[in-house]
Structures are given as C-alpha cells and as structure tokens.
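Q: Please take a close look at the pairing of charged side chains in this structure. Please then place that account in the setting of the chains that carry it.

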Amino acid sequence: MPSPDIDPATIVDARGASCPGPLMDLIGAIRGIDSEAVVKLLSDNEQSLTDVPEWAEESGNEVLEVEGAEDHYAIYVQKA
Amino acid sequence: MTEHVVIVGAGTGGTVLANDLADRLEREIDAGDVEVTLYNDDPDHVYKPVWLYVPFGLREPEDGRRALSDLVDDRIDLRIDRITDLDSDAKELRTRDGAGTVRYDHLVLATGSTLAPETVPGLAEAGHDFYSEDGAEALREDLLAFEEGRVVLSVVGSPHMCPAAPLEFAFMVDDWFRKRGLRDDVEVVYTYPIQRVHGNPHIAEWAEPIMKERGIEVHTFVNAEEIDPDAETIETMEGDSIDYDLLVTIPPHAGVDLIAEAGLGDEGWVDVDSHTLEATAAEDVYALGDTADTGVPKAGSVAHYQAGVVAQRIASDVRGRPATATYDGKTLCFIETGMDEASFVEFDYETPPSPAPPSTALHWSKLSYNESYWLTARGLL
C-alpha cells in the first residue's frame, strides 16, 4: 500500500508499453508538472524497475515508493 | 445494402491497405456490395524516408511525392478531405469539406504522426530536423555550408518515426565529413533520452561500439528542458548544458487530435490489440502504422505488414467468415552506417533484432528499395 500522504498530481498508465515507453511517458509527465508534485507511473515492464530509478537519480528527481501489484508496478516519482 | 469501409489517412499503411482491399474485394466492389473510401487531406502520397538524404544534397523532397490519384486503384473512392469528427458509437464521421455525416461499417485509422516541436521551448526556433520537407531543406542549407564546429544530433522526443534514422544520420554525417577531409574540424555529437543510444537494447548494444570507434561523442539521459538559440545550448531536465553549432533534432511526435477526442487513446495513438489491431475502445475500428499503439517502431515496414493483416480481417468479416489473420510484430529496417554502407534488421514480438554486418550491398539494397517503394504503395510489392 502506498503511504497515505502520497497524492499524485497525475497518473501515467504505461501498462502494455514496451521499453523505453514507460520511462518516456514518465519523463513527459514530469515535464508538465510543478516542482515537488508526484507522478504515479503504472508499468508492467520489469525494465522500469531499473530504468526509472536510474533516470530519477540522473535528473535529481526522487522515487518515493514502488508498489508491486499482481500484474504491474506502481512507481511514485516526485519532481525536484 | 452496401458495406462501407472507410480508411482515414493515405500514408504507407492507408494506401497499401486501400490497394490491397481493391484487389482482395474486387468482386464485391464491382458488384456494389462493398464500397471503400480513402480520405487524405493532401492530394499527394509522401514517402518520408527520402528526407534522410535531402540534407546531404542527394535527394529532393519532390522525389518522395506522388499524386495519390496515380497510386490508388480506380475501385477506391479517393477523397481529398479531412475527417474532423468521429463518433464510434454511431459509426459516423464528419469531414471538413463535406455536408452531413459519413456512415461506416468498418473504419481504419491510419492518420500517422505529426511533429510537435512547440512542446520544448526554443526547439522550433533553434533546431533543424529531417523529419519534414521544410526541415530537411532548411537543414541542407546549413549542413552543406558547415565546415567546422559541433554538429549535435539530439533525439528530443520518443516514440518517433523510423527509430533507426537518428543513428543513420549520425553515422552518415560522420562519414560525409570524413570523406570530405573535414572530420578533424567537425565534432559529431549524439544525444538520446534514455541510458543507451537506442530504445531497443540489442540495436543499442550494436551501435555503441561503432560510435566509439568513429569518435562520435555520446550523451545519454538527455531530455531537453529548453533550447537556448542565442547561447546555442541544450538545457536538459537532468541539469546539463550541451553546446552546439548546428543542432539537428528529432522533435517530439504526436498523433492527430481526432483520436483522443474520440476516446480511442492518448496523444493520438489508438489503443489496440497488438495482434488483431482492433481498437480496444470501439467496435469495427482498426488502427495501423504509427497510429496503432502496439509498441513496435513507427516505421513504414510495420504499416505495410499491418495493412495486409487488416485487409485480410476486413475481407473475412465482409464475407461472413471468422477473421484469423494476426500481426506478429514483424519489423524490417535498413540502417545506413555511412554514405555507402548499411546494416539490416528484422524482428518481431518474439524475436529480437540482430543487426547484419554493414556492407555496400545492404546500402544499395536500401536505395533500391527506396526506388521500388512506389510498387509497395500500389500494392504490388
């Protein structure tokens, strides 16, 4: 379960997208939100578990939490 | 009662499909049982791969244009008009120029990609591209006169048409300056939005050593926040600043507004079953080529193969038979690795690409295919 205080400004549903689709969708969403706002990325591509933290570290954004559901992941990223 | 098949968009996918249906459903069309209408807002068909060669002075934009009326079978009702509204519940369309509504029984969306440089501040003003006729011609003016400095090829948006083209341009521009004895005075720089040089890890793994060997400077995790045309820099979301003297970009892409307005998918790409190519949010609607959100490259070969699948499925449906044809993700690309050598990849949903060793024969195969493309558009090849 996500922390109750994480309130995503936008949800990006990238389930079904092949790599690097989910990461590019996330980057597009981060581009359009305010600083400190959170994007919730839904992905069923395991590569997202490494792609997203690598990009977040490179770009100074923060992965707040990763949830594993039955058939996909939810990754919460906060814009710096 | 005549069954009406409507195809929206006459790029590779829409044109190949129309000609395939004209052949496959010849009997039904001649008997008046089926009518196939193809809508396009440009009277010409445009073959975009020609644009890669325009900046080098090797081709002209008009080499990639032919009148649709010369390419499309006479059995097809070709309309030069634009679809402005789609109601997939009522199975109705509205057009820009026509009065009233157009009813369809089977709809195929092949509306393709458009460029959206305005999404990154400064990009339209500062960046050249070879993803449009105007862009390729403007780039030619600057590239032919460029003799020293930093040429930066930056992939700003993904997904984009022809995922191999940025690599091809980098390899070609390196070889082009090298052959002209100017490479020592020209830095060639390549940037990509993710942590490797191409979206497909197998192609990236193949390309990276070639770039290193050629002295192409690579920057990964580069996502332009804005371009500063005065300072001639790319300011990135990752906090970097990259200098350029000549900037060539792959601008962000989007589909047409009609798709999102009709509730069929985001950003102009239709959510489809990746094998049947049927829209997930509407009945009797297909999408193909760039328009279909399948995860495979936005490439002409994809549109070509998908058109054959959709034609078979629609023909089966018209004849009251189960539609069994499916798309397996087949993609085929030539990749120029210089001015006179190329590689080649073929892959599908299950089989990853394995680039062929670059050769002169593959380069000439690519140029030969570009010449014979017009037979593909006519449905003959």
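A: A salt bridge is counted here where a side-chain nitrogen of Lys or Arg lies within 4 Å of a carboxyl oxygen of Asp or Glu. In general, side chains of opposite charge can pair when their charged atoms come close. The structure is a predicted model, and a search of the whole of it returns 29 salt bridges over all chains.

In chain A, one of these salt bridges joins A:Asp13 to A:Arg15, with 2.8 Å between the closest N and O atoms. A:Asp13 has a relative accessibility of 44% and is classed as partly exposed. Its partner A:Arg15 is also partly exposed, at 40%. Strand E1 of chain A covers residues 10-13, and this strand is among the elements that cover the buried residues of helix H1(A). The others named there are strand E2 (38-43), helix H2 (48-59) and strand E4 (73-78) of chain A. Of the 11 residues in H1(A), which spans residues 21-31, 8 are buried, and the helix is therefore largely enclosed by the rest of the structure. Its buried residues are A:Gly21, A:Pro22, A:Leu23, A:Met24, A:Leu26, A:Ile27, A:Ala29 and A:Ile30.

In chain B, B:Arg75 pairs with B:Asp73, and their closest N and O atoms are 3.7 Å apart. Because the cut-off is 4 Å, this separation still qualifies as a salt bridge. B:Arg75 is partly exposed, with a relative accessible area of 30%, and B:Asp73 is likewise partly exposed, at 28%. Both residues belong to a network of salt bridges that also links B:Glu26 and B:Asp30. A further pair in chain B is formed by B:Asp97 and B:Arg96, where 3.0 Å separates the closest N and O atoms. B:Arg96 is partly exposed, with 44% relative accessibility.

The charges of chain B as a whole are the next point. The chain carries 29 positive and 75 negative charges, and the mean positions of the two sets are 7 Å apart. The accessible surface of chain B is about 15,500 Å², and carbon and sulfur atoms account for 45% of this area. Buried residues form 57% of the 381 residues of the chain.

These charges sit on a chain whose secondary structure consists of 10 helices and 23 strands. Its radius of gyration is 21 Å, close to the 21 Å given by the globule rule for 381 residues, so chain B is as compact as a globular protein of that length. The C-alpha trace extends over about 70 × 40 × 35 Å along the principal axes. When contacts in chain B between residues at least 6 apart in sequence are taken together, 64% of them connect residues at least 24 apart.

Two loops of chain B complete the setting through their backbone geometry. The loop between strand E11 (149-155) and helix H6 (165-179) contains B:Cys162, and B:Pro159 is placed in the loop between E11 and H6 as well. B:Ser158 and B:Pro159 are joined by a cis peptide bond, with omega about 10 degrees. B:Cys162 has a positive phi of about 45 degrees, although it is not a glycine. The residue is partly exposed, its relative accessible area being 31%. Once residues up to four places away in sequence are set aside, B:Cys162 touches B:Tyr131, B:Glu168 and B:Lys298. Its C-alpha atom is 22 Å from that of B:Leu68, a residue 94 places away along the chain.

The loop between strand E19 (270-271) and strand E20 (285-287) holds B:Leu277. This residue also has a positive phi without being a glycine, here about 65 degrees. B:Leu277 has a relative accessible area of 0% and is buried, whereas B:Cys162 is partly exposed.

To return to the charged pairs, A:Asp13 with A:Arg15, B:Arg75 with B:Asp73 and B:Asp97 with B:Arg96 are among the 29 salt bridges found over all chains. B:Arg75 and B:Asp73 are also members of the network that includes B:Glu26 and B:Asp30.

Definitions and conventions: Residues numbered from 1 in each chain as written. Chains lettered and ligands numbered in written order. Predicted model: local features only at pLDDT ≥ 70, side-chain atom pairs only at ≥ 80, totals over all residues. Heavy atoms only, no water. Helix = DSSP H or I, 4+ residues; strand = E, 2+ residues; numbered from the N terminus. Rg over C-alpha atoms; globule rule 2.2 N^0.38 Å. Buried < 20%, exposed > 50% of the residue type's maximum accessible area, 1.4 Å probe, protein only. Contact = heavy atoms within 4.5 Å. Areas by Shrake-Rupley, 256 points an atom, 1.4 Å probe, with all protein chains shown as cover. Lys, Arg positive; Asp, Glu negative; His and termini not counted. Charge placed at Lys NZ, Arg CZ, Asp CG, Glu CD.
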